[in-house]
Amino acid sequence: MAKKKFAGARNKKAKQNARKKTPVRVSTKGQANKVLFAASEVYPLIKTGGLADVACFLPMALRDLGYDIRIVLPAYRAVLASVHDVKVYSEMLVPDTDIRYRLLETTLPDSDVPVYLVDIPALYDRPGSPYLAEDGKDWLDNAERFGLFGRVIKLISLNQAGLNWSPALLHCNDWHTGLAAALLAQESERPAIIFAIHNLAYQGIFPYTMFDSLELADKFRSSDSLEFYGNLSFIKGGLVYADKLITVSPAYAKEIMTPAYGHGLDGLLRHRSECLSGILNGVDYRLWDPRYDPMIEQHYWLNDLHGKKINKRSLQQQVGLQEDDNAVLLAHISRLSEQKGIDLILDGLAGLLQEQQVQFVVLGTGDARYEQLLQAAAGNFAGRMAVVLDYNEVLAHRIQAGADIFLMPSRYEPCGLTQLYSLRYGTIPIVRKTGGLTDTVVDTSVATLGNQTATGFQFHDATTRDFLDAAHRAITMYRSCQSCWKQIMRTAMQQEFSWETSARQYAGEYTDVISMNFT
Ligand code: ADP
Ligand code: GLC
């Protein structure tokens with residue numbers, strides 16, 4: 001209770017503060033098509049989740065629309081090991097610090113989108129993931145790592161990093177880039193700032209002492225700025241200071257303004273509702289299409305669905321499931337985190353697999369607790385349940401091609417990419433009605449079967465009962481009406497979530513926010 005009151009008071013203060021804000025002026029030196037895109041992971045250079053996909057394919061699609069868009073990313077060890085033909089800019093000092101950085105320039109593989117790598121070896125040249133050490137815990141100096149990243153992003157945005165290039169807009173992504181938004185917003189002549197929210201649950205919260213360690217000005221220490229319940233919050237840098245907030249689906253944009261999905265930031269987001277909108281992510285169909293996918297056993301399409309059975313047989317062989325054409329093969333691929341509703345799957349397993357000829361394959365790495373529970377369950381259902389605790393792109397494609405049903409019972413899902421892939425492969429998604437899953441999957445009912453819009457099965461509450469109800473609806477339909485099932489598959493496979501469509505919507509937002517700030 002007390003916590004809620006406190007949040008209300010903070011939101012009121014944030015509101016008053018925003019009213020006080022002086023009008024923003026944007027540098028006219030930047031031409032409107034120049035965009036700096038800042039992200040902490042970019043496929044295929046480094047990836048832990050969907051953010052990396054977005055940070056690759058969205059800039060590529062914007063480039064195709066004529067934008068001079070350039071990406072900035074930390075020079076992690078794994079990235080340095082994978083890039084060639086790097087142009088090196090001379091070493092510079094981050095102003096007001098004794099830290100030196102170099103910018104390395106490369107391009108996204110198979111494209112001409114420039115990528116600037118911020119090279120500070122003491123911070124980024126180390127093993128492990130971008131965020132976690134090899135022991136699975138956050139790097140202890142993440143505040144410094146992403147604080148410095150933010151400072152360098154600001155320098156590039158202001159054409160102070162020796163690149164002779166002035167962007168008209170900075171497009172930030174998630175908390176890792178929040179400080180860049182806050183610092184840049186203090187400048188009287190600056191580019192416009194868009195902050196994209198891919199996952200509000202990850203906020204970059206650090207002890208209050210980091211305000212001193214990062215030498216952040218006093219004005220950032222208040223609750224209407226970067227302070228959050230006695231800590232420093234990086235994501236607030238984006239949420240408070242960006243000119244425009246975009247999240248990755250219209251439904252999630254609405255959800256995060258409610259206490260149930262706001263992670264303590266819903267008040268601030270409600271206050272900024274006029275600046276907040278949702279744009280769905282896309283799919284790169286050059287990589288994810290059963291007609292052309294080089295990683296799958298057999299290509300297939302609408303009039304040759306038999307090809308899917310060949311992929312199913314091959315997948316069953318590969319992961320050690322009984323080879324059975326008539327089994328209903330369920331699948332799940334994820335980071336195995338609470339977000340993905342893996343607990344609902346675990347609780348529902350006995351209910352799902354009690355029926356004969358139901359099989360289940362899981363591919364993922366993540367929470368050690370879920371990894372152990374899944375492995376234990378696989379032991380109980382030998383030949384009918386396969387668990388692959390790995391990050392494996394090829395297997396992800398083969399599962400999408402071989403499975404019949406894709407389980408995605410997420411507790412929340414800002415957009416979700418895996419259900420978009422499963423639609424294209426005719427692997428019918430069972431999803432919780434939340435976020436991007438609401439916006440991309442059409443529940444099967446008498447009406448949607450009748451008008452041929454059904455593409456999957458949705459359920460409302462994050463309970464095992466609701467999840468199992470949807471799963472049983474799907475399995476029953478699969479068994480009892482193959483013609484209905486094939487119709488759902490064909491409708492699903494024809495859905496288009498192209499990056500071009502998303503990019504055009506972003507372009508509209510870019511134009512609006514740039515022109516808005518020139519006045
Ligand atoms: P999130 O970003 O929340 O993890 P998304 O659905 O947006 O969820 O994106 C997940 C991305 O990561 C997809 O490209 C998916 O194929 C990929 N992925 C997740 N887990 C694995 C895995 N174990 N092996 C291969 N790819 C994976
Ligand atoms: C996040 C979300 C996911 C989204 C992805 C890319 O990781 O969890 O729903 O698809 O970002 O925007």
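Me: Why is Cys481 called buried in this model?
Reply: The model is a predicted one, in which local features need pLDDT of at least 70, side-chain atom pairs count only at pLDDT 80 or more, and totals for chains, interfaces and linings use all residues. Buried means under 20% relative accessible area, exposed over 50% and partly exposed in between, with a 1.4 Å probe and protein chains only. Cys481 has 18% relative accessibility, so Cys481 counts as buried, and Cys484, at 18% relative accessibility, therefore counts as buried too.

Me: How do you know that Cys481 and Cys484 form a disulfide?
Reply: A disulfide is a pair of cysteine sulfur atoms within 2.5 Å. The sulfur atoms of Cys481 and Cys484 are 2.0 Å apart, and the two residues form a disulfide; a search of the whole structure finds one disulfide.

Me: What makes the disulfide of Cys481 and Cys484 right-handed?
Reply: The torsion about the S-S bond of Cys481 and Cys484 is about 70 degrees, so this disulfide is right-handed.
Cys172, by contrast, is in no disulfide, since the nearest cysteine sulfur, that of Cys275, is 15 Å away. Cys172 is buried, with a relative accessible area of 0%.

Me: How do you know on which faces strand β12 is covered?
Reply: Strands (E, at least two residues) and helices (H or I, at least four residues) are DSSP runs, numbered from the N terminus. In β12, residues 244-247, Lys244 and Ile246 on one side and Leu245 and Thr247 on the other are all buried, and both faces are thus covered.

Me: What makes β8 and β12 a pair of strands?
Reply: Two strands pair if DSSP finds at least two bridges between them. Four bridges join β8 (residues 192-197) to β12, and the two run parallel, with Ile194 standing opposite Lys244 in β12. Strand β13 (residues 276-278) is joined to β12 by three bridges, again in parallel, and there Thr247 stands opposite Gly278.

Me: Why are β9 and β10 said to stand at the edges?
Reply: Three strands form an open sheet in the order β9-β11-β10, with antiparallel pairing. β9 (205-207) and β10 (227-228) each have a single partner strand, so one side of each is left without a neighbour in the sheet. β10 and β11 (residues 231-233) pair in the antiparallel sense over two bridges, and Asn231 in β11 is the bridge partner of Phe228.

Me: What makes the approach of Asp53 to ligand 1 a polar contact?
Reply: A polar contact is a pair of N or O atoms within 3.5 Å; within protein, one must be able to donate a hydrogen and the other to accept it, and residues adjacent in sequence count only if both atoms are side-chain atoms. An oxygen atom of ligand 1 is 3.0 Å from an N or O atom in the side chain of Asp53, and an oxygen atom of the ligand is 2.8 Å from a polar backbone atom of Leu417. For a polar backbone atom of Thr418, the distance to a ligand oxygen is 3.3 Å.
The protein covers 93% of the 560 Å² of accessible area that ligand 1 has on its own, by the Shrake-Rupley method with a 1.4 Å probe.
Residues are numbered from 1 along each chain as its sequence is written, and ligands are numbered from 1 in the order in which they are written.

Key. Side-chain values use heavy atoms; hydrogens and water are left out.
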